[in-house]
Amino acid sequence: MTTKIARLYSHSVFERPKLVIVMLLALVVFFAWHAQNFRLDASADSLLLENDPDLEFSREINNRYGTADSVTVAYSPDGNLFDPAELQVLERLSEDLLAIDRVESVNSILTVPIFGDTPLTGISEDYLTLLAPETDLAAAQEEIMTSPVFRNALLSPDGETAGIQVSFALDEKARSLVNRRSELRNLSRAGDASPEQLAELSQVEAEYASYSVQAADRQHELISEIRATLDRYRDGAEIYLGGAPMIADDLVTFVQGDLSSFSIAVVLLIVFALGLIFRKLRWVAIPLACCAVAGVIMVGVLGLMDWRVTVVSSNFISLLLIITISLTVHLTVRYRELRATRHHSDHDKLLRHAVLSMYRPCLYTALTTLVAFGSLVVSGILPIITFGWMMMMGVVTALLVAFTLFPSIMSLLKTDESQLGTGLRLNLTGFLARATDRLNNTVLVIYGLILLFSVIGLSQLRVENSFIDYFRESTEIYQGMSLFDEKLGGTLSFDVVVDLPDGGAPFDDGFDDGFDDGFDDGFDDGFSDSGSDDAYWFTAPKMAQIKAIHEYLDADLQTGKVLSFGAIVQLAEKLNGNQEVDGFLWAILYNRIPEALKDTVLTPFISVADNQTRFNVRVIESAPDLNRNELLQRIERGVEEEFGLADEDVRVTGILVMYNNVLQSLFQSQILTLGVVMLAIMLMFLALFRSLSIAVICIIPNAIAAAFVLGIMGWANIPLDIMTITIAAISVGIGVDNTIHYMHRFKREFPRFGDYRATMHFCHNSIGRAMYFTSMTIVAGFSILALSNFIPTIVFGLLTSLAMLVALTGSLTLLPQLLISFKPLGAEEGSGGHV
């Protein structure tokens, strides 16, 4: 610190510690109140690229086809599904689900039409269902099992599992707000927005942010009500719930469960580790107090600013814990070190010296860690950008709390009489110093091999991932998604939207030849209503093309159930004696399709006004060889080439497409963020150590650490996704802390020893101790995360622990050996003894 700042800081913290503590407590109370607004967000928006054009197109398609959120229930009774008693149970379950508020409709095998021997021209509103007394259940079962529309969707191929589609009511207010926000954002990006429109945009964004909280709460309550309803029927059946809304809700539930369950376990293990290392209550309580204050302040800040934590940023509390523990442990070790070597100095003087001497390296470690997380802001991926901002604020909070609360509490405590004797020397740090000394340049060869190993692993790193891989096989959600994949054609889906070629001349029935046939009066040909113009859209060539595209999509080995009007075409031909249906009959059928079926089989898939059709394609998430990006590209390109369609006439859309866009941007984002962070940290090293050679030496261990963690991910086949992309920045941020602390101490002590190896041995048994304490404490705490049922939490815990160990080992082996080999501090002046 400069003299003026140091004097002001000392006057405030060391001379008025009670005032500082009171002020911090006031801040804690203030932010604790706002912590009640802290929220998790697992909505689709939280997992998407910022300004992704596919998002707007997806919303346009959803509006056009009236697509609403829905979940599907897989119902497998203990008895025969088509037994009348079991059908009555299924009917009661359907009625109970329909009675739930905001459930718009419930479709199952009970609502599908049973045509039996009815010819195509005999279809009308008056059709049979399974519950009709005259229905032959055995024949009906066979009909549904072979139906191109309902098989593998509402009934499994083996006839043992029924699918119940529960559709939610459209949230018109949310849709209206989103549409208006999109319009105004487009105007703003184009620079065409007026001041009034910009003001409206701010108002709409604020209103949507507030309303989305209410909508999320309602969605959670709705999913909970559905689960509660299903629980009442589990005694006689195996029941699973599936669908995107359920997965989003479960993601939040898993993250909340891990936060509540493992936060306590992590804290307990850290308490144990601190107690084992320092063996005194104050050195356990003070770091925990700093963590608690920093945590409450940050949670309150997020609640106050309405920054919602996503699946990506759900571990920010854990990382904040790491940073705060690291700072307080370094202060603790420095104080104890001075206490052991300066027996005659009083407590206040030692405390001031410890804190002020550690301020500079801690400030630079905080700044470099802030830069590491700040690099995430350039990723272009909204949840990762938000996570970067959260962690930058967290780093600043941890630094301020550690350097105000720690010295304030210590100023009020009695002198610590414990001594740092030889019994506290750590064999591991001493062993690493001796090993580095003995191996000499062999250390560089070993790290060269590690770098080669890492590069090979990096070449195997992939971005493909599926939602089912987020959960253990023993969890209900995993088992449910597997069952949906096996029996009901998959859970998650994407849309293929096709603009059809112009149909040429309008429909011609062959009778418009200039003669008056006299049939105009009193003859109902089915075209007398306002829908007659739409009816003529359904020409035989058009229907044949829709059917062909449907069959093409259905034939792909990695697709599950395909829902489209093509299935209706297949069913119509089946009812027509396996003969093609001509345009005239299609026009009649359009007006005869029961209204109850139009909303199910027509409106979601056909847009006559846009001459467009939609194919909803489910994906088998549990397929071991699933490559989502390759599948989407193959489907889009294949439809274009197979049917002679232009590139602009075929588009894939939906949540899986947008999530795939995020995944495919991760490689570029990873390279960009690592490049930014390495350059920024290099500049920080230059500013701190005023030497290009030292800056290069210090960056090498951190670059290898990041490459090693990513390489391990490649070797272990751990995909790079929106969760694991942050690991590299974390490992660099952690590694930089150790590097700066070690290099700062080494540079300060080298003039005293005049010998690189002697300085290394001294630093290993001084600052190396603090680095070891910090790393082992964090590793002990985060290893417990491996017991989670949520795979991202497990991966985060293990990779964070690995990053800590790699950073520690690199700073205590490679860094000193580089200093010894290249002598950036100048030639040795003497042969100081080993300490």
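1. In this predicted model, C290 has a relative accessibility of 0% and therefore counts as buried, the cut-off for that class being under 20% relative accessible area. C290 takes part in no disulfide, and the nearest cysteine sulfur, which belongs to C291, is 7.0 Å away. With a disulfide requiring a pair of cysteine sulfur atoms within 2.5 Å, the count for the model comes to zero disulfides.

2. C763 can be read alongside that cysteine. Its sulfur lies 12 Å from the closest cysteine sulfur, that of C698, which is too far for a bond. C763 also has a relative accessibility of 0%, so C763 counts as buried.

3. C290 is also one of the α9 residues in the contact between helix α9 and helix α12. Helix α9 covers residues 281-305 and helix α12 covers residues 382-412, and their axes come within 9 Å of one another while crossing at roughly 140°. Because the angle is over 115 degrees but not over 145, the limit above which a pair counts as roughly antiparallel, α9 is classed as oblique to α12. The crossing of α9 and α12 is right-handed.

4. Which residues make the contact of α9 with α12? On the α9 side they are R282, W283, I286, A289, C290, V293, A294, I297, M298, V301, L302 and M305, while α12 contributes M390, M393, G394, T397, A398, V401, A402, L405, F406, I409 and M410. By residue class, this contact of α9 with α12 divides into 20 nonpolar residues, two polar residues and one charged residue.

5. H550 belongs to helix α17, which spans residues 540-555. Its relative accessibility is 2%, and H550 therefore counts as buried. When residues up to four places away in sequence are not counted, H550 touches V562, S564, G566, A567, Q570 and F615.

6. G638 is located in helix α21, which runs over residues 628-643, and G638 is buried, with a relative accessible area of 9%. Is G638 buried or exposed by the cut-off of under 20% relative accessible area? At 9%, G638 falls on the buried side of that cut-off. Once neighbours within four places in sequence are left aside, the contacts of G638 are with Y552 and Q633.

7. A separation in sequence and in space can be added for G638. From G638 to E829 there are 191 residues in sequence, and the C-alpha to C-alpha separation of G638 and E829 in space is 73 Å.

Methods
Residues are numbered from 1 along each chain as its sequence is written. This is a predicted model: local features need pLDDT of at least 70, side-chain atom pairs count only at pLDDT 80 or more; totals for chains, interfaces and linings use all residues. Side-chain values use heavy atoms; hydrogens and water are left out. Axes are lines fitted to C-alpha atoms, for helices over the stretch in contact, and angles run from 0 to 180 degrees between N-to-C directions. Helices (H or I, at least four residues) and strands (E, at least two) are DSSP runs, numbered from the N terminus. Angles under 35 degrees count as roughly parallel, over 145 as roughly antiparallel, 65 to 115 as roughly perpendicular and the rest as oblique. A crossing is left-handed if the near helix is turned anticlockwise from the far one by less than a right angle, and right-handed if clockwise. Contact means heavy atoms within 4.5 Å. Ala, Val, Leu, Ile, Met, Phe, Trp, Tyr, Cys and Pro count as nonpolar, Asp, Glu, Lys and Arg as charged, and the others, Gly among them, as polar. Buried means under 20% relative accessible area, exposed over 50%, partly exposed in between (1.4 Å probe, protein chains only).
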